[in-house]
Amino acid sequence: MIVRPYRRADLPKLHEIDQACFPPGISYSRKELERFIRMKGARTWVAEEQGEIAGFLVADRQPHGAAHIVTVDVVEGRRRAGVGGALMEASENWARLEHCRLVYLEAGENNSAALAFYESRHYSRVERIPDYYSTGMAAWVMVKWLGPARDARGRASKQDAEQRFRTLSFRP
Ligand SMILES: CC(C)(COP(=O)(O)OP(=O)(O)OC[C@H]1O[C@@H](n2cnc3c(N)ncnc32)[C@H](O)[C@@H]1OP(=O)(O)O)[C@@H](O)C(=O)NCCC(=O)NCCS
């Protein structure tokens, strides 16, 4: 597998993947997806396996040293093989280079695969937003602290990330 930067010609395929990954009301229209990809401060990575797109991730740089994951989508038949993890790794490395102190994202509260995936990468649930999606579903805001490690295993603790997220003067 390789992870490479987005190219404009990828857009139709990325939109097709997003439509397959999410139900109506949560998936993006092609225009919305393109708007996120082209947003100032945004970066998109594409994972390829044997020349085929297996997944992608869109992130953007926010004020106050925060990076935001807009979406991470892996083709159904290619899941549980490390594609999502490799995309997250690329975006977290970029966030560190951009001097971000944390990464945050929103995940649907019924999206148990995504919640487990992010928790496996040490993201903590910090806030539940009711009616986040147009379908009325709530989302969890999840945060990973990228700053200096605190705990004995060399990672920031859950409480540390949560507390620091709450002290930031912005709201997702
Ligand atoms: C969530 C998603 C991106 C994960 O991608 P992936 O390529 O399957 O993830 P990885 O293979 O890197 O998984 C890493 C770890 O995350 C956890 N994980 C991933 N999917 C999981 C699932 N369905 N159930 C429980 N744990 C899961 C596991 O700990 C996994 O490690 P393991 O396979 O060794 O047990 C993928 O399921 C997806 O695209 N889902 C649809 C779109 C979506 O919901 N995106 C998130 C938007 S908020």
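Let's start with the sheet. It is open, it has seven strands, and the pairing is mixed. The order across it is β1-β2-β3-β4-β5-β7-β6. At the edges sit β1, residues 2-5, and β6, residues 124-129. Each of those two pairs on one side only. From one strand to the next, the twist averages 25°. Keep in mind that this is a predicted model.

A quick reminder before the pairs. Strands of a sheet pair through backbone hydrogen bonds, either parallel or antiparallel. Now let's walk across.

Take β3, residues 52-62, with β4. They are antiparallel, and eight bridges connect them. Want a landmark? Find Ala-59; its bridge partner in β4 is Ile-69.

Stay on Ile-69 and look to β5. There the bridge partner is Leu-105. This pair of strands, β4 and β5, is parallel, with four bridges. What joins up with β4 and β5 to make a β-α-β unit? Helix α3 does, and the unit is right-handed.

Next step: β5 to β7. The sense here is antiparallel, over seven bridges. Leu-105 turns up again, standing opposite Met-142 in β7. Glu-106 stands opposite Val-141 of β7.

Then the last step, β7 to β6. These two run antiparallel and are joined by five bridges. Val-141 is a handy marker again: it is the bridge partner of Glu-127.

How covered are these strands? In β5, six of the seven residues are buried, so the strand is mostly covered. β7 also has six of its seven residues buried, so it is largely enclosed by the rest of the structure. For the chain as a whole, buried residues make up 30% of the 172.

Let's zoom out to the whole chain. It holds five helices and seven strands. Along the sequence the pattern reads β-α-α-β-β-β-α-β-α-β-β-α. There is a contact figure too. Take the contacts between residues at least 6 apart in sequence: 55% of them join residues at least 24 apart.

Now the helices over the sheet. Which strands does α3 lie across? The list is β1, β2 at 42-49, β3, β4, and β5 at 102-108. Against β3, α3 runs at about 30°. Helix α4 lies across β5 and β7, the latter at 139-145. Its angle to β5 is about 160°.

Those helices bring us to the ligand. There are 19 residues around it. Which come nearest? Arg-79, Gly-84, Gly-85, Ala-113 and Ala-116. Three elements each supply at least two residues of the shell: β4 at 66-74, α3 at 83-97 and α4 at 112-120. Which element gives the most? That is α4, with five residues. By type, the shell divides into 10 nonpolar residues, six polar and three charged.

So far, sheet, helices and ligand. Now a few single residues.

First, His-99. It lies in the loop between α3 and β5. Its phi is near 65°, a positive value in a residue other than glycine. Is His-99 buried or exposed? Exposed, because it has 10 C-beta neighbours inside 10 Å, and the cut-off for exposed is 12 or fewer.

Next, His-122, in the loop between α4 and β6. This residue is not a glycine either, yet its phi is positive, at about 70°. Its surroundings hold 15 other C-beta atoms within 10 Å, so His-122 counts as partly exposed.

Last, Pro-12. It belongs to helix α1, residues 11-21. With 9 C-beta neighbours inside 10 Å, Pro-12 is exposed. Where does Arg-30 come in? Along the chain, Pro-12 and Arg-30 are 18 residues apart, and their C-alpha atoms are separated by 7.6 Å.

To recap. One open sheet of seven strands, with mixed pairing. Two strands, β5 and β7, with six of seven residues buried. And a ligand shell to which α4 gives the most.

Conventions: Residues are numbered from 1 along each chain as its sequence is written. This is a predicted model: local features need pLDDT of at least 70, side-chain atom pairs count only at pLDDT 80 or more; totals for chains, interfaces and linings use all residues. A residue is near a molecule or strand if its C-beta atom, placed from the backbone, lies within 6 Å of it. Ala, Val, Leu, Ile, Met, Phe, Trp, Tyr, Cys and Pro count as nonpolar, Asp, Glu, Lys and Arg as charged, and the others, Gly among them, as polar. Two strands pair if DSSP finds at least two bridges between them. Axes are lines fitted to C-alpha atoms, for helices over the stretch in contact, and angles run from 0 to 180 degrees between N-to-C directions. Two residues are in contact if their C-beta atoms, placed from the backbone, lie within 7 Å. A residue is buried if 20 or more other C-beta atoms lie within 10 Å of its own, exposed if 12 or fewer, and partly exposed in between; C-beta atoms are placed from the backbone. A crossover is right-handed if, with the strands pointing away from the viewer, the path from the first strand over the helix to the second runs clockwise.
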